[in-house]
Amino acid sequence: MTRIAHLSDIHFGAHDDKLVAATEAWLQQRRPDLVIISGDFTQRAKVEEFRAAGAYLNRLRAAGLTVLAIPGNHDVPLYDVVRRFATPLDRYRKFIDQGLCPWFEDEHVAVLGINTARSLTIRDGRINYHQIAMMHDRFGAVVGEKLRILVTHHPLFAMPIGEGNELSEAVGRHRDAVDGASAAGVDVALAGHFHRTYANAPGRMVEEAGPILVVQAGTATSTRLRNDEPQSFNWLHVTRPDELLLQVIPWDGANFVEASETRYRLGSTGWQAGATDPA
């Protein structure tokens with residue numbers, strides 16, 4: 001079994017110190033095999049924000065935790081136009097990670113992170129053809145039956161994020177990204193960006209999306225909330241290549257608490273949610 005903690009949108013500069021400390025305590029106690037942080041480490045890509053985010057990562061790594069990180073659109077400077085276009089992710093590389101396409105693999109999972117943040121867009125993200133080719137190369141080289149997980153900041157799929165039928169925007173080159181991920185054999189797509197929690201099989205929303213399970217993370221530590229949804233992160237257990245257990249870990253005002261657990265199984269018609277077990 002591989003245990004993964006999926007955090008996103010921690011937004012140092014618009015964060016709550018109490019929640020930052022609580023995530024550290026939770027992770028150090030549960031000891032996941034991998035911690036994924038899917039972008040937006042900072043609020044405005046300022047040096048002091050990156051320094052605080054880097055110190056947070058260093059504490060997790062010093063505790064013996066493995067971290068896979070990718071940038072988000074807030075990690076690209078917004079108002080510093082020269083830096084935004086000349087060296088948009090130099091501070092991210094200095095304080096967070098030199099690589100923008102991190103890889104993790106063990107006996108149960110293969111995980112690829114892809115940077116979707118771009119200088120030319122304020123909020124939106126994109127995937128280019130080189131990155132699509134990288135998906136094929138990296139996942140195609142995986143030996144054995146493993147769950148293939150793609151991590152982006154911006155979701156590949158349009159997803160319900162508000163009341164009623166309101167949908168999020170998908171990543172740029174949406175159709176090419178979906179087709180490329182499907183052809184590369186991606187089983188699970190993890191993302192953040194909207195500070196909302198969502199997990200479902202995209203076949204109900206995207207035609208011919210392939211057997212990809214979409215797992216959306218809320219914000220773990222930011223004070224910027226959507227629709228009064230509390231801060232949260234995801235806790236995933238990969239028990240075998242066709243099975244995933246998912247818990248959302250919400251903040252109850254005093255602690256991060258374990259909610260009910262949903263079992264997802266991959267069959268001939270795609271992912272299906274099984275019974276919900278008590279935490």
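Me: Where does E24 sit in this predicted model?
Reply: Happy to start there. The model is a predicted one, and its secondary structure includes a stretch over residues 17-30. E24 has its place in that stretch, which is helix 1.

Me: Does E24 count as buried or exposed?
Reply: The cut-off to keep in mind is that buried means under 20% relative accessible area. E24 has 12% relative accessibility, so E24 counts as buried.

Me: Which residue joins E24 in a polar contact between side chains?
Reply: Leaving out residues up to four places away in sequence, E24 touches Y56, R59 and L60. R59 is 35 residues from E24 in sequence, and their C-alpha atoms are 8.2 Å apart in space. The side chains of the two are joined by a polar contact of 2.8 Å, and the partner of E24 is thus R59.

Me: How many salt bridges are found in the whole structure?
Reply: Here is one of them to begin with: the side chains of R3 and D33 meet at 3.8 Å, N to O. A search of the whole structure gives a total of seven.

Me: How many residues apart in sequence are R3 and D33, the two partners of a salt bridge?
Reply: The side chains of R3 and D33 meet in a salt bridge. R3 belongs to strand 1 (residues 2-7), while D33 lies in the loop between helix 1 and strand 2 (34-38). The pair links distant parts of the chain, and the separation is 30 residues.

Me: Are R3 and D33 buried or partly exposed?
Reply: Buried would need a value under 20%, and exposed one over 50%. R3 has 24% relative accessibility, so R3 counts as partly exposed. D33 has a relative accessible area of 31%, so D33 is also partly exposed.

Me: In the salt bridge of E105 and K146, which partner is buried?
Reply: The side chains of E105 and K146 meet at 2.8 Å, N to O. This pair links distant parts of the chain, with E105 in strand 4 (residues 103-105) and K146 in the loop between helix 5 (129-140) and strand 6 (147-151), 41 residues apart. E105 has 35% relative accessibility, so E105 counts as partly exposed. At a relative accessible area of 12%, the buried partner is K146.

Me: Which residues share a salt-bridge network with E243?
Reply: R263 in strand 12 (residues 261-267) and E243 in strand 11 (residues 243-250) are 20 residues apart, and their side chains meet in a salt bridge of 3.3 Å, N to O. R263 is partly exposed at 22%, whereas E243 counts as buried at 6%. Salt bridges with shared partners form one network, in which E243 is joined by R263 and R265.

Me: What distance separates the end C-alpha atoms of helix 5?
Reply: Helix 5 has 12 residues, and the rise is 1.5 Å a residue. The expected span uses one less than the number of residues, so the helix should span 16 Å. The model agrees, because the end C-alpha atoms are apart by 16 Å.

Me: Within what arc do the buried residues of helix 5 fall?
Reply: The buried residues in helix 5 are Q131, I132, M134, M135 and F139. Seen down the helix axis, these buried residues line one face, because they fall within an arc of 155 degrees.

Me: Which residues of helix 5 are exposed on the other side?
Reply: One side of the helix holds the buried residues, including M134 and F139. The exposed ones on the other side of helix 5 are Y129, H130, D137 and G140.

Me: Which residue caps the N-terminal end of helix 5?
Reply: The clue is a side-chain oxygen that lies 3.2 Å from the backbone nitrogen of H130. That oxygen belongs to the capping residue, N128.

Me: What is the value of phi for D40 and for A45?
Reply: Most residues other than glycine have a negative phi. D40 lies in the loop between strand 2 and helix 2 (47-62), and A45 lies in the loop between strand 2 and helix 2 as well. D40 counts as buried at 1% relative accessibility, and A45 also counts as buried at 1%. For D40 phi is positive, near 60 degrees, and for A45 phi is positive too, near 60 degrees.

Methods: Residues are numbered from 1 along each chain as its sequence is written. This is a predicted model: local features need pLDDT of at least 70, side-chain atom pairs count only at pLDDT 80 or more; totals for chains, interfaces and linings use all residues. Side-chain values use heavy atoms; hydrogens and water are left out. Helices (H or I, at least four residues) and strands (E, at least two) are DSSP runs, numbered from the N terminus. Buried means under 20% relative accessible area, exposed over 50%, partly exposed in between (1.4 Å probe, protein chains only). Contact means heavy atoms within 4.5 Å. A polar contact is a pair of N or O atoms within 3.5 Å; within protein, one must be able to donate a hydrogen and the other to accept it, and residues adjacent in sequence count only if both atoms are side-chain atoms. A salt bridge is a side-chain nitrogen of Lys or Arg within 4 Å of a carboxyl oxygen of Asp or Glu. The arc is that of the directions from the helix axis to the C-beta atoms.
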